[in-house]
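Reader: I should be grateful for a close look at one part of this model, the one held by pairs of charged side chains. Please explain, in terms that a first-year student can follow, which residues take part and what surrounds them.

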Amino acid sequence: MSRRPIVTYAGDNSLFTGLQASLVSALPQENVEWRRSYGRPSRCVHVEVDFVPFSDECLVKDSTRTILGQPIFHTFWTNCADVEAYKNTMRDNLQAWIASLRQQAITDWMVVLIETPDTRKGNKLLPRTTVLDKIKNDFGGKHADRCVALIDPLKTDTRSVESWQTLLTKMRHFLMIAYNRALNRFEENMRAERERRIEKSWSFCSYFLLQEELAQVFSLLALHDEALVQYDELDALFTQFVLNSAAGDSPSWLSTFNQACEKWEGLHLTPELDVAVQGKIRSKEVTLIEFRNYLFQRQCALLFLLSKPWEVASRALTFLHNTVGELNILEISVAPGGVACWGVLSCLEIIDALHSYKEPSTMDAHALHTAPLWAYARDK
């Protein structure tokens with residue numbers, strides 16, 4: 001399932017669909033500056049999106065939906081060539097669309113007028129008045145730059161190419177404004193949910209999926225270092241809860257992880273998201289070994305993307321020892337030899353993944369950590 005941000009399209013849908021494939025492929029080809037909130041430094045990112053038809057239903061605010069499951073930006077497409085036709089029909093259609101957005105306090109939108117030689121002909125009485133002028137006057141207000149003309153997109157002359165590049169630049173810019181706004185709301189909700197962690201009804205599994213979604217957003221923007229921070233925070237949070245439980249402070253949700261581990265499959269390092277285990281986290285049926293494998297696999301996937309295989313190796317022993325320690329603290333039942341089998345398989349998987357990483361400049365850095373892994377596997 002695609003996890004890219006969603007953009008809606010309205011107006012002349014058949015007109016848009018003729019350009020959709022080109023837009024989807026062209027938007028991420030150049031980076032855009034993400035000017036972030038809360039004093040955080042700007043980052044240059046690539047934006048990939050999925051387009052869906054506009055409907056009033058997609059605007060309904062649903063607290064159960066998260067940032068990757070709802071539209072963040074809205075577009076309207078038309079090739080209305082005549083000012084009179086605009087006044088008679090198009091303006092009402094555009095007005096209804098804008099009204100739907102305003103009802104939900106949505107300000108992240110763009111109107112695109114596809115111009116052909118006919119479209120650019122002005123009113124004979126007022127030769128400087130074009131359909132684009134009317135759209136800007138009627139709906140642009142302080143945001144007239146959100147009303148954009150695209151000139152002959154099927155042609156390859158200089159004017160058409162420049163117009164296409166201008167549209168892409170503006171759309172990337174407005175998309176990041178929309179994305180930033182949506183992310184700020186999401187992070188505020190996430191922080192509020194984290195503050196509830198002392199409440200009896202709070203669930204780590206539900207919170208884990210919430211913060212993991214933020215990690216996925218950062219990954220989509222190729223900000224793998226910031227995605228890793230999210231998983232590291234979740235790792236530390238879970239570890240602290242387990243340690244606190246050893247001192248008698250055990251929240252009710254921790255019983256989810258007390259179930260017996262009837263399987264002790266070793267770690268499986270893959271860049272792909274394990275949706276089966278993620279589903280178990282969502283349904284609160286995940287075992288401790290499954291959860292720890294999943295979390296470390298996500299951390300390793302990001303470390304490989306960051307070209308830090310040596311850090312995968314250096315984190316590995318901590319991961320192995322901490323997991324065994326948590327099994328003991330929570331007194332989780334595992335068949336005799338199960339934990340040792342899990343440890344050996346995980347060591348071999350990590351060593352194999354490092355061996356497969358063909359980057360000469362990093363070989364020495366992670367080779368220092370493979371010997372302790374072999375020793376750990378031998379002891380088991």
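Author: A salt bridge is a side-chain nitrogen of Lys or Arg within 4 Å of a carboxyl oxygen of Asp or Glu. Side chains of opposite charge can pair when their charged atoms come close. The model is predicted, so local features need pLDDT of at least 70 and side-chain atom pairs count only at pLDDT 80 or more, while totals for chains, interfaces and linings use all residues. Residues are numbered from 1 along each chain as its sequence is written, and side-chain values use heavy atoms, with hydrogens and water left out.

The structure holds 18 salt bridges. Among them is the pair of Glu226 and Arg36, whose closest N and O atoms are 2.6 Å apart. Glu226 belongs to helix α6, residues 224–246, and Arg36 to the loop between β2 (32–34) and β3 (43–45), so this pair ties together parts that are 190 residues apart in sequence. (Helices, H or I and at least four residues, and strands, E and at least two, are DSSP runs numbered from the N terminus.) Neither partner lies open on the surface: Glu226 and Arg36 are both buried. Buried means under 20% relative accessible area, exposed over 50%, and partly exposed in between, with a 1.4 Å probe and protein chains only. The pair also belongs to a wider group, since a network of salt bridges links Arg36 and Glu226 with Arg43 and Asp225.

Further along helix α6, Asp232 forms a salt bridge with Arg315, and here the closest N and O atoms are 2.9 Å apart. This pair links distant parts of the chain, with Asp232 in helix α6 and Arg315 in helix α9 (residues 309–329), 83 residues apart. Asp232 counts as partly exposed, because its relative accessibility is 26%.

A third salt bridge to consider joins Asp235 to Arg292, with 2.8 Å between the closest N and O atoms. Asp235 sits in helix α6 and Arg292 in helix α8, so parts that are 57 residues apart in sequence are tied together by this pair. Asp235 and Arg292 are both buried. Taken together, the partners of helix α6 in these pairs come from a loop between strands, from helix α9 and from helix α8.

The loops beside these helices deserve attention as well. In the loop between α5 (204–220) and α6 lies Ala222. Ala222 has a positive phi of about 65° although it is not a glycine. With a relative accessible area of 44%, Ala222 is partly exposed. Between α8 and α9, the loop contains Ser307. Ser307 is likewise not a glycine, yet its phi is positive, at about 55°. The relative accessible area of Ser307 is 37%, so it is partly exposed.

Arg36 leads to another feature, an enclosed space. Cavities and pockets are sought on a 1 Å grid over the protein atoms alone: in a cavity a 1.4 Å probe fits but cannot get out, a pocket is an open set with protein on both sides within 12 Å along at least five of seven lines, and lining residues have an atom within 4 Å of a point. Points are joined across faces, edges and corners, and a volume is the space filled by probe spheres set on them. The count comes to 1 cavity of 30 Å³ or more, and the volume of the largest cavity is about 30 Å³. Arg36 helps to line the largest cavity, as do Trp34, Ser37, Arg40, Asn180, Leu183, Asn184 and Glu187. Helix α4 (residues 158–195) supplies the largest share of this lining, 4 residues.

Helix α8, which holds Arg292, contributes to an open space instead. The second largest pocket has a volume of about 340 Å³. It is lined by 17 residues, and the closest to its centre are Glu265, Asp274, Val277, Glu290 and Asn293. Both α7 (275–282) and α8 (288–305) supply at least two residues of the lining. The most, 5 residues, comes from α8.
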